[in-house]
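Hi,

Here is the structure I promised to pass on. Have a look at it first, and then read my notes underneath.

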Amino acid sequence: MTEEMKAQTEAQSEAKTTAQTTAQTEAAAAEAEAGAARAKQPAGESKKEKKHSEKLEEKLRQMEEEAARQEERYKRVLAEYDNFRKRTMKEKENTWQEAQMAAVAAFLPVLDNLERGAAQENADEGIKLILKQFREILDKYHVEACGEEGQPFDPNFHNAVLHEEGEGTGETVIAQVLQKGYTMGGKLIRAAMVKTTG
C-alpha cells in the first residue's frame with residue numbers, strides 16, 4: 001500500500017511538472033507573440049502619425065495662404081479708404097472755397113460802386129469808411145485785386161476788351177483797367193476788364 005501511494009505521488013508530481021512545463025512553454029509563446037505584436041505596433045503608429053502630421057502641415061499651409069490673402073485684401077481696402085479720405089477732404093476744401101468765391105463774386109459789383117463813389121471829389125467820409133472796412137474783410141479772406149496799368153497782359157487773369165497799337169516793343173501790356181479783377185488764394189474770381197497796348 002505504501003508503494004502504491006508512493007507511485008501515485010510520483011505520478012502526480014510528474015504530471016504537475018509536465019503541466020508546469022507546458023504552462024511555462026505556452027506563457028513563453030504568448031509573451032513572444034505579444035512581443036512580436038508590440039514590435040509591429042510602433043511601425044503602424046508611426047505611419048499613422050506621419051499621415052496625420054502631413055495633414056496638419058497641409059492644413060497649416062492652407063491657413064497661411066489664406067492669411068496672406070486676407071492681409072493683401074486688408075492692405076488694398078486700407079489704401080482705397082486712404083485715397084477716398086484724401087479725395088473727399090480735397091473735394092470738401094474745393095467746395096468750400098468755391099462757395100466762398102461765389103459769395104465774394106456776388107459782392108464785387110457793390111465794391112465797384114463803393115470805389116466809384118469814394119473816387120468822387122465830394123465823396124462822403126462814410127462811403128470811404130465802408131470801402132475801407134470792405135477791403136479789410138477781403139484781405140482777411142485772401143482776396144486780391146489783379147490787373148494794374150503797365151503789367152504784362154495775362155489771358156488767364158485779364159480780359160482785353162480794347163487794344164491800341166503801341167511803340168512796337170512786341171510785349172502786350174495793360175494800358176488801362178476798366179474793371180478790376182479779383183483772385184482768392186490764387187484762383188480767379190473775376191477777370192480784370194482791360195485795354196491793352198503793344
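Below is what I found, starting with a sheet and then moving on to a few residues.

One thing to keep in mind: this is a predicted model.

Let's start with the sheet. It is an open one made of three strands in the order β1-β4-β5, and the pairing is antiparallel. At the edges sit β1 (143-146) and β5 (187-190), each of which pairs on one side only. From one strand to the next, the twist averages 35°. If you're wondering what holds such strands together in general, strands of a sheet pair through backbone hydrogen bonds, either parallel or antiparallel.

Now zoom in on one pair. Strand β4 covers residues 181-184, and three bridges link β4 to β5 in the antiparallel sense. Try finding Met-184: across from it, in β5, stands Lys-187.

Next, is His-158 buried or exposed? His-158 counts as buried because its relative accessible area is 8%, and the cut-off for buried is under 20%. You'll find His-158 in strand β2 (residues 158-164). Leaving out residues up to four places away in sequence, His-158 touches Gly-147, Gln-151, Pro-152, Phe-153, Ile-174, Ala-191, Ala-192 and Val-194.

Finally, go to the surface. Which residues make the nonpolar patch there? They are Val-161, Leu-162, Leu-178 and Met-193, and the patch comes to about 310 Å². Met-193 belongs to strand β6 (residues 192-197). With a relative accessibility of 30%, Met-193 counts as partly exposed.

Have fun exploring!

Key:
Residues are numbered from 1 along each chain as its sequence is written. This is a predicted model: local features need pLDDT of at least 70, side-chain atom pairs count only at pLDDT 80 or more; totals for chains, interfaces and linings use all residues. Side-chain values use heavy atoms; hydrogens and water are left out. Patches are made of residues with over 30% relative accessible area and no salt bridge: like charges are joined within 9 Å, nonpolar side chains (Val, Leu, Ile, Met, Phe, Trp, Tyr) within 5 Å. Accessible areas come from the Shrake-Rupley method with a 1.4 Å probe; for residues, only the protein chains shown count as cover. A salt bridge is a side-chain nitrogen of Lys or Arg within 4 Å of a carboxyl oxygen of Asp or Glu. Helices (H or I, at least four residues) and strands (E, at least two) are DSSP runs, numbered from the N terminus. Buried means under 20% relative accessible area, exposed over 50%, partly exposed in between (1.4 Å probe, protein chains only). Contact means heavy atoms within 4.5 Å. Two strands pair if DSSP finds at least two bridges between them. Axes are lines fitted to C-alpha atoms, for helices over the stretch in contact, and angles run from 0 to 180 degrees between N-to-C directions.
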